[in-house]
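Thanks for coming. I will take a few minutes to walk through one protein model, starting with a term and then going from the inside outwards.

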Amino acid sequence: MRILGLDIGQKTIGVAISDPLGFTAQGITTIRRKKKEEDINEIINLCKEYAVETIVVGLPKNMNGSIGFAGEKIMEFTELLKDSVECKIELWDERLTTVAAHRAMLEADLSRGKRKKIVDKIAATYILQGYLDRLSNMK
């Protein structure tokens, strides 16, 4: 069982994948956004390559739990994705994942240039790992 984690931004999509047993998340790539159709095709190809059963999409919420403009855009993209893939798709509250990703990279003493290149992939890893941890706690 492989699970794909996505951190969808305006310019990029961070991508993470679970190990086959669903214990750990690992960042694999950052997709440079072009057109929605092309972005979805790249996700479809990753789903085939890794035999993905579930996609977890980070949903940005405001601190009070409401959905803002960015969240609405991600929900629209997720609906398009649902029409194109056969996997189950779940939305996951991603509040503060980008902040956590930046903090981890600062602690690792990565340069600003390196941080900028991988922040979305790291955020996708945090999103997916949170989801995997919840799954393991439910067992």
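A residue is called buried when its relative accessible area is under 20%, exposed when that area is over 50%, and partly exposed in between. Take Trp 92 as the first case: its relative accessibility is 18%, so Trp 92 counts as buried. Please keep in mind that this is a predicted model.

Now the overall layout. The protein has four helices and five strands. Reading from the N terminus, the order of elements is β-β-β-α-β-α-β-α-α. Of the 139 residues in the protein, 40% are buried. If we take the contacts between residues at least 6 apart in sequence, 61% of them join residues at least 24 apart.

On to the interior. Which residues have the most contacts inside the largest nonpolar core? That core has 22 residues, and the ones with the most contacts inside it are Leu 4, Leu 6, Ile 13, Ile 43, Ile 55 and Leu 81. Two or more residues each come from β1 (2-8), β2 (12-18), α1 (36-50), β4 (52-59) and α2 (69-82). Helix α1 gives the largest share of this core, five residues.

Ile 13 is a useful one to click on. Setting aside residues up to four places away in sequence, Ile 13 touches a list of residues that includes Leu 6, Ile 8, Ile 31, Ile 43 and Phe 77. Polar and charged names also appear there, among them Asp 7, Thr 29, Thr 30, Arg 33 and Asp 39.

Apart from that core lies another one, of 10 residues, including Ala 16, Trp 92, Ile 127 and Tyr 131. So we are back at Trp 92, which is part of this core.

How many aromatic pairs does a search of the whole structure find? The search finds one. The partners are Trp 92 and Tyr 131, with ring centres 5.7 Å apart and planes at 90 degrees, so the pair is edge-to-face. Trp 92 sits in strand β5 and Tyr 131 in helix α4 (residues 112-138), so the pair ties together parts that are 39 residues apart in sequence. Tyr 131 has a relative accessibility of 2%, and therefore counts as buried as well.

Next, a residue in helix α2, Thr 78. Is Thr 78 buried or exposed? Its relative accessibility is 2%, so Thr 78 counts as buried. Beyond its neighbours within four places in sequence, Thr 78 is in contact with Val 57, Ile 89 and Leu 91.

Leu 91 takes us to the outside. This residue belongs to strand β5 (residues 88-93), and its relative accessibility of 37% means that Leu 91 counts as partly exposed. Together with Ile 67 and Met 75, Leu 91 makes a nonpolar surface patch of about 220 Å². For the protein as a whole, the accessible surface is about 8,200 Å², and 52% of that belongs to carbon and sulfur atoms.

One last residue on the surface side is Glu 37, in helix α1. With 63% relative accessibility, Glu 37 counts as exposed. The C-alpha atoms of Glu 37 and Leu 80 are 8.9 Å apart in space, while the two residues are 43 apart in sequence.

That is the tour. I am happy to go back to any residue on the screen.

How values were computed. Residues are numbered from 1 along each chain as its sequence is written. This is a predicted model: local features need pLDDT of at least 70, side-chain atom pairs count only at pLDDT 80 or more; totals for chains, interfaces and linings use all residues. Side-chain values use heavy atoms; hydrogens and water are left out. Buried means under 20% relative accessible area, exposed over 50%, partly exposed in between (1.4 Å probe, protein chains only). Contact means heavy atoms within 4.5 Å. Accessible areas come from the Shrake-Rupley method with a 1.4 Å probe; for residues, only the protein chains shown count as cover. Patches are made of residues with over 30% relative accessible area and no salt bridge: like charges are joined within 9 Å, nonpolar side chains (Val, Leu, Ile, Met, Phe, Trp, Tyr) within 5 Å. A salt bridge is a side-chain nitrogen of Lys or Arg within 4 Å of a carboxyl oxygen of Asp or Glu. A nonpolar core is a set of buried Ala, Val, Leu, Ile, Met, Phe, Trp, Tyr and Cys residues joined through side-chain atoms within 4.5 Å. Rings of Phe, Tyr and Trp (its six-membered ring) pair if their centres lie within 6.5 Å; planes under 30 degrees apart count as stacked, over 60 as edge-to-face and the rest as tilted.
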